[in-house]
Amino acid sequence: MNEALEILFTASFWVAAIRIASPLIFATMGELICERAGVLNLGIEGIMVAGAFSGWFTVYMGGDLWTGVFVAALTGAMFGLLHGFLTVPLGLSQHVTGIGITLLASSLTYFTYRILLPEVSSPPKIEPFQPFAVPVLSDIPVLGPALFNQTPLTYLAYFTVAAVAFVFYRTPVGVAVRAVGENPSAVEAQGISVTAVRIGAVMVGSALMAIGGAFLTMSAFNSFFFEMINGRGWIAIALVVFGSWRPGKALIGAILFAAFDAYQVRLQQITGGVIPYQIFLMMPFVLSIVALVVVARRATYPKALMIPYQKGER
Amino acid sequence: MTNSTTSSRTHLLKRRQVLAGAAAGAAALSMPGFIGRARAEGPLKVAAIYTVPVEQQWVSRIHKAANAAVARGDIEYVFSENTSNNDYERVMREYSEAGHDLIIGEVFAVEDAARQVAADYPETAYLMGSSFLPKDDAPNFAVFDNYIQDASYLSGIIAGAMTKSNNMGMVGGFPIPEVNRLMHAFMAGVKETAPDTKFQVAFIGSWFDPPKAKETAFAQIDGGADILYAERFGVSDAAKEKGVLAIGNVIDTQSDYPDTVVASALWHFEPTLDHAIAMVKAGTFKAENYGVYSFMKEGGCSLAPLGTFEGKVPEAAMKLVAEREAAIKDGSFVVEINDEEPKSN
């Protein structure tokens, strides 16, 4: 029992938790931006696959790591544009379109992968982002290495949360994005195009999702696997609800989920096979559901979420 | 050009077969358990259906053997990779309809559907990776699996000689028989040279989530493991980053991890496939368990050369490996096949 508690005080556990959380933070922020603008984006899972591949492939072809991140973001934004076009001006079902985007993006990615790499005998590798210890800060016991001995992409994830929060609550753009998700007619009355704001938000959100995918191939690992996103996009959707559509709370949710995950793999080792491994694998999800039940009851979701806006319609 | 000639010939053959159907059918019925279609000449038409891309370790071995058979001129080979389990039955039917002689693949998650397809196309031979045994009511459905426990056992002997902490980590995808038996064989090998070893066993519930496999391996290294049994992609990467050793499985990845991967248990699919090709050509293909063709004495598995670790593994251990390898090959030593889910101890 003591052993199980001691894990929580080791630096390596928290390092793992933050590392596991990083792709989720990007994806969650991306989904959060889309939903705050009133557009549910179920294309997330596929967009992450596309981002994971395009970023990785750019580097594989000799590109710089940051160029890879940029290409991933661009790929995500393109799928975001497609999703936005279908759901905003055309007002199609956001559920159906989103699932369609996921299927399209993941299949297209695989197709592209095979066209570009027809004859590989083992998955090709790149030189990924390496951890960078922030001077002074990384010397703080336990939390120092956990937060400040990560790869630059993780630092970008922190920055993203801060940037999203700042833009949302401190800038006119943020007000417009939040308003199209609450009361689009009011925004239109101000002379701002609801369509433009929503599509823009979906594109930015999708770009972040793609960077989340790219984290897996360019930081957590060094090669691309078709099924490696493995449901992380769906988790991000739950985390947005958990975070009540607020960046700070969503960040905490992502870290909490990742900590459960890091904890379960360590716990699996010390219980000596008494408890079936499936219980451990289930743990982060069960705890998330419990947390969701507790938190989501009080959640105030964006009023215009999933409601297409038709100009002039009452 | 060659292709079209061959295919038109196949069509002719088929038409003739239909004409001779009544006679041939009677002959086939008189030999229960066989597919009564002897093929005298020309390469066999072989189709493969894989649920993952062909560069993934398990399937890469099958693909390699098939390409070798193509190079020899024994078969014509087409394949579908990354076929989801939902689509598996459909693709199987398409290849069956197209008149392929032998269809290979992996039906671990679609056993019932695959066996139904086989029942619907009694003239086609199916050789499928499966956790179950062949059944008499499906005479054209043979099964294989990577029974490379012999090689895994030998790699365990080496691992046992290399560990200092007597603590090893094993990360698997799912505890299905092919994974379990290799882990058990590895552990049995370790016990020959390091009897008091602690094993940390974890499953990640996914075949292709290397970041997760890597995280799990990190956790095992935190838990004191100094050798990792790399059943999944991602494990050797964790070992490399933390400066511990790894033992490979199915494929040889030492060139990617020269200072990490000590030894690997390799799977060779060639004996399995070549036997199936011979049987189909002779018209004697039947519902056998081809698992034995992955055994070491059939050449179905081997221990990869030590390579960069040449001279770094204790002499005594290598001597034991050589002894046991000889004993396995002459049948005087049998590595136990244990399909139970392995547990941490």
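**Exercise 1. Work out what span helix α5 of chain A should have, and check it against the distance between its end C-alpha atoms.**

Step 1: helix α5 of chain A covers residues 94–116, which makes 23 residues. Helices here are DSSP runs of H or I with at least four residues, strands are E runs of at least two, and both are numbered from the N terminus.

Step 2: take 1.5 Å times one less than the number of residues. That gives an expected 33 Å for α5(A).

Step 3: the end C-alpha atoms of α5(A) are 32 Å apart, which agrees.

A word on the ground rules: this is a predicted model, where local features need pLDDT of at least 70, side-chain atom pairs count only at pLDDT 80 or more, and totals for chains, interfaces and linings use all residues. Residues are numbered from 1 along each chain as its sequence is written, while chains are lettered from A and ligands numbered from 1 in the order in which they are written.

**Exercise 2. Find the buried residues of α5(A) and say what they pack against.**

Step 1: call a residue buried if 20 or more other C-beta atoms, placed from the backbone, lie within 10 Å of its own (exposed means 12 or fewer, partly exposed in between).

Step 2: go along the helix, and you get Q94(A), T97(A), G98(A), I101(A), T102(A), A105(A), S106(A) and T109(A).

Step 3: look for their partners, using contact as C-beta atoms, placed from the backbone, within 7 Å. They turn out to be α3 (44–60) and α4 (65–87) of chain A.

**Exercise 3. Lay out the open sheet of chain B and name its edge strands.**

Step 1: count two strands as paired if DSSP finds at least two bridges between them. Six strands then line up as β7-β6-β8-β9-β10-β11 in chain B, with mixed pairing.

Step 2: the edges, pairing on one side only, are β7 (198–203) and β11 (301–303) of chain B.

Step 3: zoom in on β6 (residues 167–172) of chain B, which six bridges join to β7(B) in parallel. There, N167(B) sits opposite K198(B).

**Exercise 4. Describe the side of chain B that touches chain A.**

Step 1: 29 residues of chain B are in contact with 26 residues of chain A.

Step 2: β7 and α8 of chain B each supply at least two residues of that side, and the largest share, nine residues, comes from α8(B).

Key. Contact = placed C-beta atoms within 7 Å.
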